[in-house]
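Reader: I'd like to go through this one by asking what stands behind each label. Could you take me from the cut-offs to the conclusions?

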Amino acid sequence: MTTTAPPGPAAAVPPVGYTAHDLERWVPEPPKSQARTPFQRDRARVFALLRAAPPRCEDPGARRGRERLRPHPPHPLPRGRAGGARHRRRARRDPDVVDAACLSHDLGHPPFGHNGEKVLDDLAKDFGGFEGNAQTLRLLTRLEPKVIGPERPHGLNLTRACVDAAIKYPWSRGEGPDPDSPKFGTYADDHDVYSWAREGAVEGRKCFEAQVMDLADDIAYSVHDIEDAITGRTLDLGRLRDPMERSAALYVVRDWYMPHESLDALDAALTRLEAEPSWMSAFDGSMRSGAALKDMASQLIGRFTRSAITATRVEHGPAPLSRYSGDVIVPEETHVEIAVLKGLAAAYVMSSASQRPVYEAQEEIIRDLYSRLWHTGTQHLSPLFAELWRRGRGRRRPAARDRRPDRLLHRRHREAPARGALRPRPHARDRRGHAPARPRIGALSGWHRD
């Protein structure tokens with residue numbers, strides 16, 4: 001009696017709205033079980049990376065008086081939940097591409113948020129600079145060891161659709177709408193995989209899933225930064241009833257986010273938000289007050305997402321949307337309301353004079369870590385990144401070592417040997433006493449580029 005071996009897994013069938021081209025991976029992988037779609041595998045790979053990622057220190061200004069208000073990236077779950085929910089309701093199809101993009105969005109962002117990003121960009125300016133979104137692409141497609149080729153690692157080896165969805169700025173440095181902007185989506189020596197991911201895309205245009213991710217990022221941060229600022233007692237919404245206080249805050253909103261908007265329009269947006277039944281003007285730290293604050297955050301997220309869903313459907317109709325079949329539509333009133341929330345966080349946290357010493361200390365920590373990493377090489381690197389470091393060090397231009405900031409850092413390094421290699425000062429630690437920056441060094445070792 002002869003037996004026939006069961007057939008192997010068949011090639012994956014693209015979900016509705018996607019093509020076989022969208023399912024391709026940078027390095028082809030054999031067909032796998034049909035129990036999960038390729039996009040579900042992508043989401044699982046990103047989520048596994050998130051679980052392994054160490055805690056990271058974000059701007060601590062809004063977090064004063066509380067041990068740890070929330071795990072800001074590398075655990076961007078609020079953004080992932082918002083993006084996935086909106087995608088299900090708006091596109092009525094597989095949400096895993098958006099989930100993967102939302103979960104991976106901030107993976108490349110360094111300690112201390114945008115302040116740390118600016119410092120690293122300055123340190124790396126002789127060899128391509130640093131940008132958190134470009135670093136995310138590097139982590140997904142190079143640094144995280146899921147698939148290794150003969151000449152280089154290929155990162156998580158996600159599908160083309162998921163890699164493209166994670167690209168917030170679809171251009172190289174100096175090639176975007178504003179050539180002077182420091183924001184870009186790919187480093188020069190990642191251009192091969194960037195071009196592969198963008199194959200068939202409209203130049204300079206984000207795919208639909210990346211637009212959803214971008215809006216999810218704005219909503220998550222605008223709402224949760226306000227929530228954190230209130231909980232940390234740096235923002236009291238009741239103070240906005242005072243005309244002088246309100247005007248001063250709206251000036252900061254306009255200066256930071258809406259320079260072409262009138263103060264009257266900003267005030268109208270704030271008034272609309274204050275009319276929300278869940279809006280709370282007083283917070284006393286009690287359990288009941290904390291629950292009310294969480295309800296306000298939830299209601300605001302719902303307000304913004306419903307507005308975008310409705311406007312997108314009005315524009316495009318009920319048909320499913322994906323890739324380059326349509327754009328996310330955000331009504332102008334909603335756009336201004338989100339900006340007002342972001343601006344209030346800026347007014348009472350980021351632009352506060354009390355934060356200047358904190359930002360200076362953050363800069364010193366980053367520069368000191370950079371110096372120690374540079375002068376100790378692979379000594380404190382994970383073995384996973386030591387080889388990448390050696391390759392990058394060999395390609396780095398020798399003249400860059402003579403630039404003034406590096407000499408200054410070397411002097412600091414010599415003057416402070418007692419602090420120990422890669423051991424941040426006590427004020428660099430998070431509220432639980434853990435040093436946030438050391439585990440990220442391996443992931444940042446990709447700085448050294450041609």
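Author: Sure, and let's start with angles between helices: under 35 degrees counts as roughly parallel, over 145 as roughly antiparallel, 65 to 115 as roughly perpendicular, and the rest as oblique. Keep in mind that this is a predicted model.

Reader: Why are α4 and α9 called oblique to each other?

Author: Helix α4 (residues 96–104) and helix α9 (residues 208–231) pack at an angle of about 45°. That value fits none of the three named ranges, so the pair is oblique. Their axes are 9 Å apart, and the crossing is right-handed. On the α4 side the contact is made by V97, V98, A101 and C102, and on the α9 side by E209, V212, M213 and A216.

Reader: The spacing of those α4 positions catches my eye. What makes residues three or four places apart point the same way?

Author: An α-helix has 3.6 residues a turn, so residues at that spacing point the same way.

Reader: What makes α4 a mostly covered helix?

Author: Buried means under 20% relative accessible area, and nine of the nine residues of α4 are buried. The list includes D96, D99 and S104 as well as V97, V98 and L103.

Reader: And how do you know how α5 and α14 are oriented to each other, oblique or roughly parallel?

Author: Helix α5 (residues 113–123) packs against α14 at about 45°, with the axes 9 Å apart. Roughly parallel would need an angle under 35 degrees, so α5 and α14 are oblique. The crossing of α5 past α14 is right-handed. From α5, the contact takes in N115, G116, V119, L120, D122 and L123; from α14, Y359, Q362, E363, I366, R367 and Y370.

Reader: How do you know that the length of α14 agrees with what its residues should span?

Author: Helix α14 covers residues 356–376, which is 21 residues. The expected span is 1.5 Å times one less than the number of residues, so α14 should span 30 Å, and its end C-alpha atoms are 30 Å apart, which agrees. After α14 comes G377, with a positive phi near 60°.

Reader: Zooming out, what does the secondary structure of the chain come to?

Author: The count is 16 helices and zero strands. Of the 450 residues, 54% count as buried. The accessible surface comes to about 20600 Å², and 54% of that belongs to carbon and sulfur atoms.

Reader: Which share of the contacts with a separation of 6 or more comes from residues 24 or more positions apart?

Author: Those residues account for 73% of such contacts in the chain.

Note on methods:
Residues numbered from 1 in each chain as written. Predicted model: local features only at pLDDT ≥ 70, side-chain atom pairs only at ≥ 80, totals over all residues. Heavy atoms only, no water. Helix = DSSP H or I, 4+ residues; strand = E, 2+ residues; numbered from the N terminus. Buried < 20%, exposed > 50% of the residue type's maximum accessible area, 1.4 Å probe, protein only. Contact = heavy atoms within 4.5 Å. Areas by Shrake-Rupley, 256 points an atom, 1.4 Å probe, with all protein chains shown as cover. Axes fitted to C-alpha atoms, helices over the stretch in contact; angles between N-to-C directions. Left-handed = near helix turned anticlockwise from the far one by under 90°.
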